[in-house]
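Thanks for coming. I will take a few minutes to go through one structure, part by part. Please keep the view on the screen open while I talk.

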Amino acid sequence: MLYQSKIAGLGYYVPENVVTNEDLSKLMDTNDEWITERTGIKERRHIKEGDGNSTAIMGVKAAKIALERANIDKDDIDLIVFATLSPDYYFPGCGVQVQEMLDIKTCPALDVRNQCSGFIYGLSVADQFIKTGMYKNVLLIGSENHSGGLDMTTRGRGVSVIFGDGAGAAVLTRSNHNGQGILSTHLHSEGKHALELALKGPSTMHWVPELIEENPQEDIPYFPYMNGQYVFKNAVKRFSEVIIEGLQENGLEVADIDMLIPHQANLRISQFIQQKFKLKDEQVFNNIQKYGNTTAASIPIALTEAWEQGKIKDGDKIVLAAFGSGFTWASAVINW
Ligand code: UT7
């Protein structure tokens, strides 16, 4: 017999330090008009030196809120799943740091490396473990410290203005056989596009000393590279496909969507999807204007805010969808 999983509690945390488009224009040749017009972003949060935050620490802050709201004791967590592309250390992953910081006995901790799709990939992992009955409660976190690794000069402006820091968390638990919970998840990848959105070094192929020796300062490959327009075109195609795939799997129509929470990649991408599917404003949730693109954290932050604002009610059909580096893309359909 298969069980069903549901989200029992949500939480998010963003650093206090607000970085506006105006602030960025003092560091690089950019301006509020360009950023707003191309991305919809007005401000984002960046970790500030001395504020005590890191990817794992922000994840823990979000997790504590989610655990409290779920009313589930930390010691009843059977598995931690941590999605990030910006871990505190090359290894070990952030999952074990969370296990230690939350003082959860010796539960397993798993890191997911699927960038913007990381939260939905993690949700799928959590869902499978709960479905089979192996685990009852899973703590799922998406957290990113982008600001620690961005090129904040004009050279990096095509990438750096988009990304922000933050964390979101969900506690998943076994549902009571009433149909409430995760209905399905849909995961995809296409590795031939891997280097269209990538951070090549430092890595086992590009160690820092070698990079410094071999690369002039003008061409440092240890900042993220993004072929923006190419990513954009693929994103709108794959977002659309994977949303349809999720709906069809569950015999649902676009009109049945109560809330679509797209990964907050670019407001223009969300608007394109909204127009394509003829969704009303109240059927799509966006908060990229305030937080920028927080990669694996963007969906749990948006989901939490939508829930906090009373925009998600019991019985609603919630669709999550994401696309990003890999390329990877994914969707989830939830009966709230
Ligand atoms: O979440 C993971 C998935 N990521 C995405 O989905 C992102 C998808 N891509 C995008 O969102 C958009 O491609 C961007 C927002 C990244 C860029 O927008 P764009 O309309 O594709 O601009 P572009 O890269 O084609 O650049 C247009 C111009 C260039 O100048 P020239 O060559 O026309 O003179 C850039 O140098 O804008 C310039 N530019 C900027 N100007 C001011 C690039 N970045 C900036 C900037 N401020 N920050």
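Before the first sheet, one term: two strands are said to pair if DSSP finds at least two bridges between them. By that rule, four strands of this predicted model form an open sheet, in the order 8-13-12-11, with mixed pairing. The edges are taken by strand 8, residues 181-189, and strand 11, residues 259-262; each has a single partner strand, so one side of each is left without a neighbour in the sheet. On average, neighbouring strands here are turned by 10° against each other, direction ignored.

Inside that order, strand 12 covers residues 317-324 and strand 13 covers residues 328-335; these two run antiparallel and are joined by eight bridges. If you want one pair to look for, Val 319 has Val 333 in strand 13 as its bridge partner. Helix 5, residues 118-132, lies across strand 8, strand 12 and strand 13, and runs at about 125° to strand 8.

Now the other sheet. As general background, strands of a sheet pair through backbone hydrogen bonds, either parallel or antiparallel. This open sheet has five strands in the order 1-7-6-4-5, and its pairing is mixed. Which strands stand at the edges? They are strand 1, residues 5-13, and strand 5, residues 109-112, and because each has a single partner strand, one side of each has no neighbour in the sheet. The twist from one strand to the next averages 20°.

Strand 6, residues 137-144, pairs with strand 7, residues 166-174, in the antiparallel sense, over eight bridges. Here the example is Glu 144, whose bridge partner in strand 7 is Gly 166. This sheet also has a helix across it: helix 3, residues 55-70, lies across strand 1, strand 4, strand 6 and strand 7. Its direction is about 130° to strand 1.

Next, the ligand. How many residues surround the ligand? There are 21, and the closest are Thr 30, Arg 38, Gln 229, Asn 266 and Asn 293. Sorted by class, the shell has 10 nonpolar, eight polar and three charged residues.

Three distances are worth reading out. Thr 30 has a polar side-chain atom 2.7 Å from a nitrogen atom of the ligand. For Gln 229, a polar side-chain atom lies 2.6 Å from an oxygen atom of the ligand. For His 263, a polar side-chain atom lies 2.9 Å from an oxygen atom of the ligand. On its own the ligand has 950 Å² of accessible area, and the protein covers 72% of that.

As for where the shell comes from, the elements that give two or more residues are helix 2 (32-39), helix 6 (157-160) and helix 8 (228-249). Helix 8 gives the largest share, four residues.

Last, some backbone details. Most residues other than glycine have a negative phi, and most peptide bonds are trans. The peptide bond from Phe 91 to Pro 92 is cis, with omega near -5°. Pro 92 sits in the loop between strand 4 and helix 4. Gly 201 and Pro 202 are also joined by a cis peptide bond, with omega about 0°; Pro 202 is in the loop between strand 9 and helix 7.

Where is Asp 103 found? It is in the loop between helix 4 and strand 5. Asp 103 has a positive phi of about 55°, although it is not a glycine. That is my last item.

Notes:
Residues are numbered from 1 along each chain as its sequence is written. This is a predicted model: local features need pLDDT of at least 70, side-chain atom pairs count only at pLDDT 80 or more; totals for chains, interfaces and linings use all residues. Side-chain values use heavy atoms; hydrogens and water are left out. Axes are lines fitted to C-alpha atoms, for helices over the stretch in contact, and angles run from 0 to 180 degrees between N-to-C directions. Contact means heavy atoms within 4.5 Å. A residue is near a molecule or strand if one of its heavy atoms lies within 4 Å of it. A polar contact is a pair of N or O atoms within 3.5 Å; within protein, one must be able to donate a hydrogen and the other to accept it, and residues adjacent in sequence count only if both atoms are side-chain atoms. Accessible areas come from the Shrake-Rupley method with a 1.4 Å probe; for residues, only the protein chains shown count as cover. Ala, Val, Leu, Ile, Met, Phe, Trp, Tyr, Cys and Pro count as nonpolar, Asp, Glu, Lys and Arg as charged, and the others, Gly among them, as polar.
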